[in-house]
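Trainee: Please take me through this model by way of its confidence, its enclosed spaces and its helix packing. I shall ask for one value or name at a time.

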Amino acid sequence: MKYQKYLYFLVLGVFSVVVLFVGCSKNDETSGKGETKDKAGIELKLAETHPNDFPTTLADKEFAKLVEEKTEGRVKIKVYEGSQLGEEKQVIEQIQFGGIDFARVSLSPVAEFSKDLNALQLPYIYKDSEHMWKVLNGPIGEKMLDSLSEKNILGLCYYDGGARSFYNTKKEIKSLDDLKGMKFRVMESSLMVGMVESLGAIAQPMDYGEVYSALKTGVIDGAENNFPSYISSNHYEVAKYYTIDAHSRVPELLIASTNSLKNNNVSDEDITLIKEAAKESVDYQKVQWEKTSNESKEKAEKAGCTITELDSKELSKFQESVQSLYEKEGKDFMDIIKEIQDTK
């Protein structure tokens, strides 16, 4: 009887040690939201609105590749393109509380959370693309990225978003008068709404994914975007008139969730490497953007779209019409506007 009792306690002791060892092993292998943190590294998500072959999506994947290489596999990023994780406004909200780890988004919806960013997308604020990049790569651009930390967002870098212009289903637009009374889709941004209204048109904020149907059914007359988006969204199929006025050069942003990085125990060293990877992916994205822009314009022409470039006299009328917007939307950051305009 004593032998049986001794054997019972011996077996119980061995079992307890095994359970404790297995439990500790599991705790070492997981952290944060449960992603594996062993030799396989942690896998984080990057939200992208555009399709698989779009310049920003290609750059997202280049960024993900560089991150994995630089961190030696400790951090891996999977890109979810085509709005799989939601539209941009919802994605930004999830970035703030850590529901999504990384995202490529337009600057416009981010500016709704950090108003000073509006200075970077005021209509006709830049002389040309070269001027824009001097601003973004200089002290102004870096200051704007740093300002996002107050919203639990880590600003990583800017991508090229090209120049946005108007397109519609109704008619060729050659003058400011041609815009009057027409209804154009804009991003959910008070600045973009104000821009369209200052030009005499009607602004209709709407998610990007709803635009094709709205154009086709006549809910809106047109929208405004760059050539690659015009083609990739198939908007050119239903809105055949594209007017090049380059009213806005709205940069794209690559951002991360500071809450997510913290919850997943991403080290300061790896965060530094993530920042380096983002900066290195910019030149790649710019090359892809230029290539796709040229191809997109050619495709629109071959599809029979009417492409109109405003002459300098008419363009100056567009520019004059939005000056009141600078005073209304830019009154709190007029010093930044002056810095941008004075950048050489």
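Mentor: In what follows, Ala, Val, Leu, Ile, Met, Phe, Trp, Tyr, Cys and Pro count as nonpolar, Asp, Glu, Lys and Arg as charged, and the others, Gly among them, as polar. The model is predicted, so local features need pLDDT of at least 70 and side-chain atom pairs count only at pLDDT 80 or more, whereas totals for chains, interfaces and linings use all residues. Residues are numbered from 1 along each chain as its sequence is written, and side-chain values use heavy atoms, with hydrogens and water left out.

Trainee: Over which residues does pLDDT stay under 50?

Mentor: The chain averages a pLDDT (the predictor's confidence in each residue, from 0 to 100) of 89, and 88% of the residues score at least 70. Where pLDDT is low, the predicted coordinates should not be read in detail. One segment has 21 contacts (heavy atoms within 4.5 Å) beyond four places in sequence while its pLDDT stays under 50, namely residues 1–38.

Trainee: What share of the contacts with a separation of 6 or more joins residues 24 or more positions apart?

Mentor: The chain has 14 helices and 13 strands, taken as DSSP runs numbered from the N terminus (H or I, at least four residues, for helices; E, at least two, for strands). Of its 344 residues, 50% count as buried, that is, under 20% relative accessible area, with exposed over 50% and partly exposed in between (1.4 Å probe, protein chains only). Among contacts with a separation of 6 or more, the share from residues 24 or more positions apart is 74%.

Trainee: Which element gives the most to the lining of the largest pocket?

Mentor: On a 1 Å grid over the protein atoms alone, a pocket is an open set of points with protein on both sides within 12 Å along at least five of seven lines, a cavity is a set where a 1.4 Å probe fits but cannot get out, and lining residues have an atom within 4 Å of a point. The largest pocket has a volume (the space filled by probe spheres set on grid points joined across faces, edges and corners) of about 410 Å³, and of its 19 lining residues Gly162, Ala163, Phe227, Trp289 and Ser293 are closest to its centre. The lining divides into eight nonpolar, six polar and five charged residues. At least two residues come from each of α5 (129–136), α9 (227–232), β11 (241–248) and α11 (268–302), and the most, five residues, from α11.

Trainee: How many residues does β11 give to the lining of the second largest pocket?

Mentor: This pocket has a volume of about 220 Å³ and 15 lining residues, with Tyr124, Asp245, Ala246, Arg249 and Leu315 nearest its centre. Two or more residues come from each of β11 and α12 (312–321). Eight lining residues are nonpolar, three polar and four charged. The largest share comes from β11, with five residues.

Trainee: What is the relative accessible area of tyrosine 124?

Mentor: Tyrosine 124 lies in the loop between α4 (107–111) and α5. Most residues other than glycine have a negative phi, and most peptide bonds are trans. Phi of tyrosine 124 is nevertheless positive, near 60 degrees. The residue is buried, with a relative accessible area of 14%.

Trainee: How many charged residues are in the lining of the largest cavity?

Mentor: The largest cavity holds about 270 Å³ of space, and of its 19 lining residues Glu88, Ser106, Arg185, Met187 and Tyr208 are closest to its centre. Both α3 (88–97) and β5 (102–106) supply at least two lining residues. Besides four nonpolar and six polar residues, the charged ones number nine.

Trainee: Which exposed residues does α6 carry on the face turned away from its buried side?

Mentor: The buried residues of α6 (139–147) are Ile140, Gly141, Met144 and Leu145. They fall within an arc (that of the directions from the helix axis to the C-beta atoms) of 135 degrees, so they line one face of the helix. Their cover includes α5, β6 (153–159), β12 (252–257), α11 and α14. The face turned away carries the exposed residues Pro139, Lys143 and Asp146.

Trainee: Against which elements do the buried residues of α14 pack?

Mentor: In α14 (residues 334–342), Ile336, Ile337 and Ile340 are buried. Because they cover an arc of only 100 degrees around the axis, they lie on the same side of α14. They pack against α5, α6 and α13 (323–329).
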